[in-house]
Amino acid sequence: MKYADEFRDRDLAKSIALGIRQEAHPGRTYNLMEFCGGHTHAIFRYGVKDLMPENVRFVHGPGCPVCVLPVRRLDDAVEIAERHGVILCTYGDMMRVPGTKQRSLIRAKADGADIRMVYSTMDALKIARDNPGRQVVFFAIGFETTTPPTAVAIKQARKEGLSNFSVFCNHVLTPSAIGHILASPEVRDLGTVRIDGFLGPSHVSSVIGSEPYEFFAEEFGKPVVIAGFEPLDVMQSTLMLIRQINEGRHHVENEYTRVVTREGNLKAQDLVSKVFELRQSFEWRGLGKVPYSALKIRKDFAEFDAEKRFEVSEKVSREVKSCECPAILRGVKKPTDCKLFGTVCTPDNPMGSCMVSSEGACAAYWTYGRYRDKARSPRREVAA
């Protein structure tokens, strides 16, 4: 399988692991944040963590779009569906995320709200075409990767004259969040960990390119390596980060050259800029309000903006008590540090978004790593 098998080669993995062990200075610790949830799953699924020396530590970041959505926005989506009687469409991961008092979209659906899971924005448009007498709202979430399809849907709705289609926009931006983790006093007050470098997201970077990371790599003195999702991608990127740290460099390097360029997908960027503009502030679960970290629909497309079309009430939204998702998203805690993990919180009964999403850190620990910490003693050594 081209572009997959060659990045899972056992002998190459041993060779890179040996290189990491030889180049990681035993007198220091390397805290490397993998921003993207896809990297978290690759690290656990393929046993990458087991091949690292003790002083190379992966810190899980807020790179899961479902996980970072604050409870308030989820509560608003439930209210739009229930109070205004619309057909609310969204991606599958969002359906089971608990909101205030553990009320999720799927529970609202069970209570009679018309909430439907879709696989693409085109599915939502089809539902709007098939139901001309009903208002259809697409609950849009995600990073820069899922934003272009939402822009396409809005433009297509205008082209077809679909007056019963709108978007509840919750698209967020990766570079702003990384900068906020490094610079915000609010995040420091909430608690964060020392980060020596970043494994940059791959799908996001295929859209925005590697250039947007150059500012904060230079500004904060933290190296970034754009990494692919296969195990050898992650290991090679880790080695590249360790070399930069050892040499005192803080540049943006691109390991994922088969997909990512410095400029990114210019056509997609142009499309997004025509439909969306920056919000001054947006709340992230675990990070608080992050300036200029999200998008809203431009005034030119206001007729497709569900926030303008449907009023929502002022409300107090709350996380599930004792859920550590916010601290896990900042890298302060591991899923196994949460007392709910594996007890009352499981994939069948999630208490927080990190256990629901396919990219969530808790889901990765549950699927691949919940017994690993015990099994790692004594550690497996990589043959020289």
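**Strand 1 and the chain around it**

Tutor: In this predicted model, strand 1 (residues 30–34) is mostly covered, with 5 of its 5 residues buried.

Student: What makes a residue of strand 1 count as buried?

Tutor: The criterion is a relative accessible area under 20%. Since 5 of the 5 residues in strand 1 are buried, each falls under that limit, and the strand is therefore described as mostly covered.

Student: Which residues point one way from strand 1, and which the other way?

Tutor: Tyr 30, Leu 32 and Glu 34 point one way, while Asn 31 and Met 33 point the other way. All of these residues are buried.

Student: How do you know that strand 1 and strand 2 pair?

Tutor: Pairing requires at least two bridges between the strands. Strand 1 and strand 2 (residues 56–60) have 5 bridges, so they qualify as a pair, in the parallel sense. Within strand 2, His 60 is the bridge partner of Glu 34.

Student: Why does the radius of gyration of the chain agree with a compact globule?

Tutor: For 384 residues, a compact globule would have a radius of gyration near 21 Å; the chain has 21 Å, so the two agree. The C-alpha trace spans about 70 × 45 × 45 Å along its principal axes.

Student: How much of the chain counts as buried, and how far apart in sequence are the residues in contact?

Tutor: Of the 384 residues, 56% count as buried. Among contacts between residues at least 6 apart in sequence, 78% join residues at least 24 apart.

Note on methods
Residues are numbered from 1 along each chain as its sequence is written. This is a predicted model: local features need pLDDT of at least 70, side-chain atom pairs count only at pLDDT 80 or more; totals for chains, interfaces and linings use all residues. Side-chain values use heavy atoms; hydrogens and water are left out. The radius of gyration is taken over C-alpha atoms; the globule rule is 2.2 Å times the number of residues to the power 0.38. Buried means under 20% relative accessible area, exposed over 50%, partly exposed in between (1.4 Å probe, protein chains only). Contact means heavy atoms within 4.5 Å. Helices (H or I, at least four residues) and strands (E, at least two) are DSSP runs, numbered from the N terminus.
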